[in-house]
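User: Please take a close look at the ligand site in this model. Which parts of the protein surround the ligand, and what touches it?

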Amino acid sequence: MAKRQPTWSRRLIALLERGLPPALLEDHEMRRRALLIEGTAWLVVLACALTVPVIAATTTGLGRVASLAADVGTLLLTLVGPWLLRRRGTPAAAGHWITGCVFVGTVYAVSTTGAFASPYWILLAIVPFLAAQMAGRRAGHLWGAICLVGVCALFFAAHFTNVLPQFHDPDRYATTTAIYGAMTILAVHGLSHLADLAKDEAIARAEAAAAQLEHADLEIERARILAQQAVAANSAKSAFMATMSHELRTPLNAVIGYAEMLVEDADAQGLPDMRDDLVKIVGASQHLLGLIDDVLDLSRVEATKLDLQREQFAPEDVAREVTEALQPLARTRGNVLEVRAPADPLRAMLDRGRLRQVLVNLVGNALKFTARGRVTVHVRGEEVGPARFVVFAVEDTGIGIREGDHRRIFEPFTQVDSSPRRRYEGTGLGLALCKHLVEMMGGSIGVRSEFGRGSVFTVRLPAEPPARAEPVKPAAAC
Ligand code: ADP
């Protein structure tokens, strides 16, 4: 576990970080470099300020003016470093800049105080270290090479020329050496301490992130187990519903069969009252059988036990069959029901029975939710590259569906109005079953609707069986 930092260190870091761009502080390495740039800049500024009285005491005439100008110039130029850091938002330029200030200031000091006899020349040794810490490894190599060239140039100038001036009083070097020695020790120690603090903080953050990751792993594992349990529960439910539906159909078929026989008997014996009641029994039983068929189909599809029987046919014929069968219902609701298909016949390899089931559901719904209006079944072919599709759009001018309910209605047992006082009968199974069947055939179903104005349900099916039974892109309502 990383050590907890003392309060003063945290205060110092907070002070140095003031005004730095947040993006710079998010990355551990960038933040460490930024702190070192800030720390170095303020140490150089402090060193330059402390040097002013030393220059005043150890120089005279031109030497004093030149040295004071160089010192104050270095101080001011160093202050550009923190500004560059904030302006650029990355440490590279500021790191190079401050390294350059230290280098130039040191070369000036060395060349005016006796070259290799000068107490300052050893400062050149820390320049590549500063560059590497503030601007990266490559900057360290670059400034190492520059310092070596500088040392060679100084050596050449000191031994083979007379160009180097001697501004400072060599007898007073002791004071200067002491000040610079102390500043160097302080600088190296201070900077390594800052780097250490930044590293500790990075470790603490990494440990916190690792702990969070471990926690997230546990949550994922828990969610995986819950998902497995849900899948197991769902297939158990589907299996139960399939069995129950099958068990219910057998006696119900018997009820319908016997009721129909009794209708014939009542006809033969001339009992019209009894016949009407028996016809109602047959109608209600057939309605119930239809609902059970839907439940059975849905559970079979969910348990992936339903097989498709594909055959080649003209899909618009199925649309016509369905509209013909539902004309009586259309008339009772005062609706006009029609098919619009291209003159040239289309061809498709689909499960005719399942397609019919889907269209019966969609057209049945359109008629149920429309009164004295118009229901149109549009059929058209579509080609996307080499793939051919058949598109059915069931359009009505009925009550419409609010935007928020568009997704919901495709879930099983979901109705927009499910209150006990609702106006429209139904189980909320039809669209869920349509969605499953359409997706089994490799297609997709979608709805576009405006509340109070009507709806368009669009089914898009591949005309040939897809290589893999997976849904194509969602249907765009026509
Ligand atoms: P239901 O047996 O209730 O009709 P569906 O799954 O077929 O079950 O439909 C779910 C719900 O979607 C319906 O209860 C109705 O609220 C809404 N709905 C479906 N088709 C239409 C339509 N053409 N116009 C308006 N609402 C519709």
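Analyst: Here is a walk around the ligand, and then a short stop at one loop residue. Keep in mind that this is a predicted model.

Start with the shell. It holds 20 residues around the ligand. The closest are Asn365, Lys368, Asp396, Gln415 and Leu431. Sort the shell by class and you get nine nonpolar, nine polar and two charged residues.

Now see where the shell comes from. Three elements each supply at least two residues: α12 (352–368), α13 (430–440) and β7 (454–462). Of the elements, α12 gives the most, with three residues.

Next, the polar contacts. The side chain of Lys368 has an N or O atom 3.0 Å from an oxygen atom of the ligand. Asp396 faces a nitrogen atom of the ligand instead, with a polar side-chain atom 2.9 Å from that nitrogen. Gly430 uses its backbone: an N or O atom there lies 3.3 Å from an oxygen atom of the ligand. How much of the ligand does the protein cover? On its own, the ligand has 530 Å² of accessible area, and the protein covers 95% of that.

Last, follow the chain past α12. The loop between α12 and β4 (374–384) contains Arg372. Its phi is near 50 degrees. That is a positive value, in a residue other than glycine. Is Arg372 buried or exposed? Arg372 counts as exposed, because its relative accessibility is 73% and the cut-off for exposed is over 50%.

Notes: Residues numbered from 1 in each chain as written. Predicted model: local features only at pLDDT ≥ 70, side-chain atom pairs only at ≥ 80, totals over all residues. Heavy atoms only, no water. Near = heavy atom within 4 Å. Polar contact = N/O pair within 3.5 Å; in protein donor to acceptor, adjacent residues only side chain to side chain. Areas by Shrake-Rupley, 256 points an atom, 1.4 Å probe, with all protein chains shown as cover. Helix = DSSP H or I, 4+ residues; strand = E, 2+ residues; numbered from the N terminus. Nonpolar A, V, L, I, M, F, W, Y, C, P; charged D, E, K, R; others polar. Buried < 20%, exposed > 50% of the residue type's maximum accessible area, 1.4 Å probe, protein only.
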